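Me: Can you walk me through this one? Let's start with the ligand.
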Amino acid sequence: MSGARQALAEQLAEAVFQALVDDLSRQERALLVVSGGSTPVPFFKALATKSLPWERIDITLADERWVDEQSNDSNARLVRENLLQGAAANANFVPLTSDASTPEEGVEEVAKRTASLPWPASVVILGMGGDGHTASLFPDSLELGLALSTDEPLVAVRTPSQPQPRITFSAGRLHQAHRHILHITGDDKRSVLANAMQGDDVLKLPIRAFLSCPLAIYWAP
Ligand code: 6PG
């Protein structure tokens with residue numbers, strides 16, 4: 001982990017801490033939506049050390065791979081092992097999978113579970129892949145058009161480039177937040193983001209669906 005990436009994670013944790021403190025001064029509960037993948041791990045660890053009224057905080061994921069929670073590919077496992085530690089274990093974590101064998105069968109149950117969360121979220125933290133995907137809004141996903149346009153909160157997605165089926169909050173639901181943050185590292189992602197900012201075809205680079213939120217960019221080399 002480079003010093004710059006560690007510093008980025010700590011600055012992001014401080015910003016999210018402040019956002020949650022601000023919102024909790026006005027409302028009883030606050031919702032934090034995080035992403036999975038590899039980038040957020042140092043951020044999760046930094047946020048977990050913050051002194052927050054964790055029992056008043058709900059945490060969920062922007063998207064999830066439809067795998068068992070014990071799987072190394074599970075974003076829920078990543079959150080449990082890195083963020084829900086120490087006092088942060090008192091947060092109410094709402095995972096995006098169920099016992100159903102496919103996301104198509106499980107999506108309704110997960111939608112019910114997430115409906116009672118205190119939307120709009122205080123912060124939605126997005127990641128981005130080298131193909132311009134964010135959450136599980138992939139350019140090659142069969143359900144991308146639906147996930148970008150539906151009023152439903154969650155969509156089951158099948159993506160040829162990905163090994164597992166997934167479930168993702170729709171763009172519409174992810175827009176329901178007081179603040180949006182993109183957390184990315186490395187020159188490749190900087191170039192992808194620069195490309196995204198130069199055009200407007202959301203189907204080609206789905207991160208574009210969030211470029212007018214406004215979107216705070218946390219980037220380090
Ligand atoms: C996931 C994500 C996904 C992620 C990007 C970036 O479950 O994979 O939520 O949208 O943010 O793929 O992933 P990396 O941080 O691993 O590059």
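Me: How far is an oxygen atom of the ligand from an N or O atom in the side chain of Thr-39?
Reply: The distance is 2.5 Å. That fits a polar contact, a pair of N or O atoms within 3.5 Å. Keep in mind that this is a predicted model, where local features need pLDDT of at least 70, side-chain atom pairs count only at pLDDT 80 or more, and totals for chains, interfaces and linings use all residues. Side-chain values use heavy atoms, with hydrogens and water left out, and residues are numbered from 1 along each chain as its sequence is written.

Me: And what about the side chain of Arg-65?
Reply: One of its N or O atoms is 2.6 Å from an oxygen atom of the ligand. His-133 has a polar side-chain atom 2.7 Å from a ligand oxygen.

Me: How much of the ligand does the protein cover?
Reply: It covers 87% of the 420 Å² of accessible area that the ligand has on its own. Such areas come from the Shrake-Rupley method with a 1.4 Å probe.

Me: Which residues come nearest to the ligand?
Reply: Thr-39, Asp-63, Arg-65, Asn-75 and Lys-189, out of 15 around it. Being near takes a heavy atom within 4 Å.

Me: What kinds of residues make up the shell?
Reply: Two are nonpolar, nine polar and four charged. Asp, Glu, Lys and Arg count as charged, and Gly is among the polar ones.

Me: New topic. Which peptide bond before Pro-120 is cis?
Reply: The one from Trp-119, with omega near -5°. Pro-120 is in the loop between α4 (103-115) and β5 (121-126). Helices (H or I, at least four residues) and strands (E, at least two) are DSSP runs, numbered from the N terminus.

Me: And where is Pro-214?
Reply: In the loop between α7 (187-198) and β9 (215-220). The bond from Cys-213 to Pro-214 is cis too, with omega near 5°.

Me: What is the phi of Ala-135?
Reply: About 45°, so positive, although Ala-135 is not a glycine. Ala-135 lies in the loop between β5 and α5 (144-149).

Definitions and conventions
Polar contact = N/O pair within 3.5 Å; in protein donor to acceptor, adjacent residues only side chain to side chain.
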